[in-house]
Amino acid sequence: MKHLRSFFRNLLRLRQADADLDQEVRAYVDLLAEEKSQAGVSPEQAQRAARMELGGIEHVKEEVRDVRSGAWLASLLQDLRYAARMLRNSPTFALVAVLTLAIGIGVNTAVFGVAEFLLRPLPVPHPEQLVVLATGQNGQAATGRFSYPEYLDLKRQATAFSDLTGYQVDFEGLSTGHDAVQFFMSWVTGNYFTMLGVKPYLGRLFLPSEGQAPGADPYMVLGYLFWQKEFHGDANIIGRKVVVAGHPVTIIGVTPPEFHGTFYAFDTQGYLLFSTEAADSQAAAFWSKREAREMTLMGRLRPRVSLPQAQASLDVIAARFARQYPESSKTLVVHAYPEKEARPQPDPTDQTVLIAAIFVGLAGLVTLLACLNVANVVLVRSTVRQREIAVRAALGAGRGRLVRQLLTESMLLAVLGGAAGMVLGVLGARLMGAIPARITQLPFQTEFPMNWRLFCYGLGIVVLGGIVVGVIPARRGASVDLNSVLHESGRSVIGGRHRLRDLLVVGQVAGSLVLLIIAGLFMRSLENVVHGKLGFDPDHVATLTVDPHEMGYTQEQGRNFFRELLQRARALPGVESAALAYSVPFGYYNSSAVLSEIDSYTRPAGQQLPQLGYNMAGTQYFSTMRIPVLRGRAFTDSDNQQSQRVAMVNQAMAQRFWPNQDPIGKRFKTKISDQPEQWFQVVGVLANSKYTSVTDENVPYFYVSLAQNYSAIQALEVRSALPPHVVLSELREQVRDLAPDLPIFYAKSMSEGLEDFNGFFLYRLGAELAAALGLLGLILAIIGVYGVVSYAASQRTHEIGVRMALGAARSDILLAVLRNGLWLVAAGIGLGLVLVLAATRVVADFLVGVSTTDPVTFAVVTVLLALVSLAACYIPARRAMKLDPMVALRYE
Amino acid sequence: MPPEQTELLQGTLDMLILKALALGEMHGLGIARRVEQLTRGTFQVKPGSLFPSLHRMEEQGWLSAFWGESENNRRAKYYRLTRAGERRLENESERWRRISGAITHALQTS
């Protein structure tokens, strides 16, 4: 208590306490002098001897201050005041340093903000317990869904989970009576919200007891944002009747604003029970067939159950399924993924974490470069300030105290830069978060509130930055040899070169080389992706996708609708050709099928059944897309429900199964969507193209006839001499005319579509982000090199004057200064090349058509960096060359 | 000046100052001289360690300080032991006796 009181007393009455201390020490000196003069020394001598013996009044006072409680705070306040004064006195320095740090920290915070967003836990209690399950068959990667009977069995038998829920995202049409909108929704089991622990924002959510029988509980829960957007946040919405996919349902509640569903980063706009979708007699398969796998499962681990334990119990259950239901589950495996690694869907090849880590690393490099830059400037200042520091040391400031003072200044810079950087960072993250909304029609939710994770990260960066910026200069600055500095007769001793500062520049050049080369490799990849051979011609093709099932259309109604739409599209003026297909290349959805039997092909022992991607195509599809038919024929009107099932394969598929044989007439057996297995006969061979990913290269792929295989969702492709957006508005008109309530799923020119999520989007985003980081690194390196070379030159002003007076040619001076800088740049580039060879290995997986040691990139970047650095050295060197020797000699 | 001076052990100075003050209130120089006298000149107390020690112990509540007049009518800051200071001295002395006894014993055993 007493201690606490003196703490405050010391803090509040510092001045008084200081005066008191001063008097006390002076009284001591007087007493000592008196003692000495009593011993017979003259009063003046006694006073002098007493002072000598004391060893400096200020020094003693400083030692006392250090032991006082609250001393650290008092000295911190003092240091802060002093630091603020120093910065005010050199506003240019302060501004440059703070801005540099703000950019460095801002970039880092922005990139981290995005990474944090991608890996943020779901806003539910104990999100770390959530696990997503997926099925795998025939040894394929586990990305599959579950059937309702499997769900019920797992829920009962998987005791590792306290609860297990099923959901499936979908697009559906919502009709409120006067108009229809398409919305992104989730079919769920009744316990979806209770398992997650989500509480209603308005009304109520589903109950675990609901949705257990066909047609039971026709209710709907709205997502908060959708409720705001479509219903303007109307609180009287509860009890309203709407129609979804042809099913009349009643709205019962709204989810809270922070909850966006379980298809991460997308905003689920509404929730309905599976029982509403599987209501009629056609949906009997949903309730009873084990192979009708339609739902993703998410479970909550019981406390103290680990993921491997849960996996072990799932393995046992899957093996039991395989024994009990061999026809549907012979090769079934069930795999458990932590929820964060299954976003938005389980996929073992998902590399979100790695990509996030790479970009956080690159941004970290930029931050490091910024800090090194500022450290350099602070270092220069601290050398200039040697005299001031020496004086303070002479007046009794301890070495630790001096280091603390210099550190406080750097920390103040870092905090100011950090605060500005955090603001920049949050803005930057929001900017990046807004990109998806521009290129995709999916409801993407991006929220970047200032949360504690972001704040702690920013704070950590600030502290680290402050240490980098401060410690190196502070350690040097404080280790001044008092005598040598104070005895210099006015000439600064600092000139010459400082190994440490040179090292910083070498590090900066190396760091920016690494950034630039990685950026260059990403740019080259993007180039390859965009200009790569697609295998089809996207120019002048408009695509429009609709799903009449969203309106509750039956297959018959759907077929009629699409037949009519196609006819009208073909009749439009300016239309060259039009065709229907199930999916669009690089579109939002696609399918694959397992080939169980193949004519004249024997599967090598131990190999899994081949699984291939496929599409359903109508007549004229290949001519519209300009995919060349190499052999045989394309689909015609004579391929119909009654005729032999036919297929077209690409070259890669023909090559794989029937090398050196004629593929025409060969058959394979497979299962297309929910139909039983059938034999398909090959009638044509197509040139290879890209299908689901821009990295597709010789991927085996086949097409079946759309007339023989129905899909509720279909894409219309229209090739026309007219601009695609003109054609699109015509097509919309036709859709509205045919089915007024049908929402348009997707309508874009095919070239625009290529920029979407599954197209160039990630490559472009990555390349642009990396390029921005590389550019920042380059700018920082230029500033660093320029700063150090021009400072070194200015410190050599006197020397240069002497050399010129002694007859040195101006070109010699130029070379001398240039050589100084160029050595550093050369060393930096050398170091950078070594580092980059290690760094590029990490990004190898994300490069397309370019090696990690791409000579073009390496050469261009190295030459660019060398030229720019040369310019940064040349300017100060030229200035040095133009010095008037007389002025130089009188300098200082 | 005494021919041989020894560096004070950490914490010993505090104890010696407490001991010096146990004989009565005193100002800084008086304390320094008294400690020299008590240790027969073996320890000389420098102001650079005396004052921090005094102020630290004052904050701990072992000493209390007040301004007074010296023998020659000079203003000086005086220190005196508090109750807590007396207890502290007892504890410290006891501890010291134990330690020094043990060390002496250890050194004598051959």
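The following exchange concerns how several descriptions of this predicted model are justified.

Colleague: What overall dimensions does the C-alpha trace of chain A have, and how does the radius of gyration of chain A stand against the globule rule?

Modeller: The trace of chain A spans about 130 × 75 × 55 Å along its principal axes. For 892 residues a compact globule would have a radius of gyration near 29 Å, whereas chain A has 37 Å. Chain A therefore does not match the value given by 2.2 Å times the number of residues to the power 0.38.

Colleague: What share of chain A is called buried, and why?

Modeller: The share is 41% of the 892 residues. These residues are called buried because each has 20 or more other C-beta atoms within 10 Å of its own.

Colleague: How many helices and strands does chain A contain, and what part of its contacts joins residues 24 or more positions apart?

Modeller: Chain A contains 30 helices and 21 strands. Among contacts with a separation of 6 or more, 83% join residues 24 or more positions apart.

Colleague: Where in chain A is the pLDDT below 50?

Modeller: Chain A has a mean pLDDT of 86, with 94% of its residues at 70 or more. Residues 489-497 of chain A, however, lie below 50, although the model gives this stretch 14 contacts beyond near neighbours in sequence. Where pLDDT is low, predicted coordinates should not be read in detail.

Colleague: What span is expected of helix H3 of chain B?

Modeller: Helix H3 of chain B, residues 47-60, has 14 residues, so 1.5 Å times one less than that number applies. The expected span is 20 Å, and the helix reaches 20 Å from its first C-alpha to its last. Its buried residues include Leu50(B), Phe51(B) and Met57(B). Just after H3(B), Gly61(B) takes a positive phi of about 90 degrees.

Note on methods
Residues are numbered from 1 along each chain as its sequence is written. Chains are lettered from A and ligands numbered from 1 in the order in which they are written. This is a predicted model: local features need pLDDT of at least 70, side-chain atom pairs count only at pLDDT 80 or more; totals for chains, interfaces and linings use all residues. Helices (H or I, at least four residues) and strands (E, at least two) are DSSP runs, numbered from the N terminus. A residue is buried if 20 or more other C-beta atoms lie within 10 Å of its own, exposed if 12 or fewer, and partly exposed in between; C-beta atoms are placed from the backbone. Two residues are in contact if their C-beta atoms, placed from the backbone, lie within 7 Å. pLDDT is the predictor's confidence in each residue, from 0 to 100.
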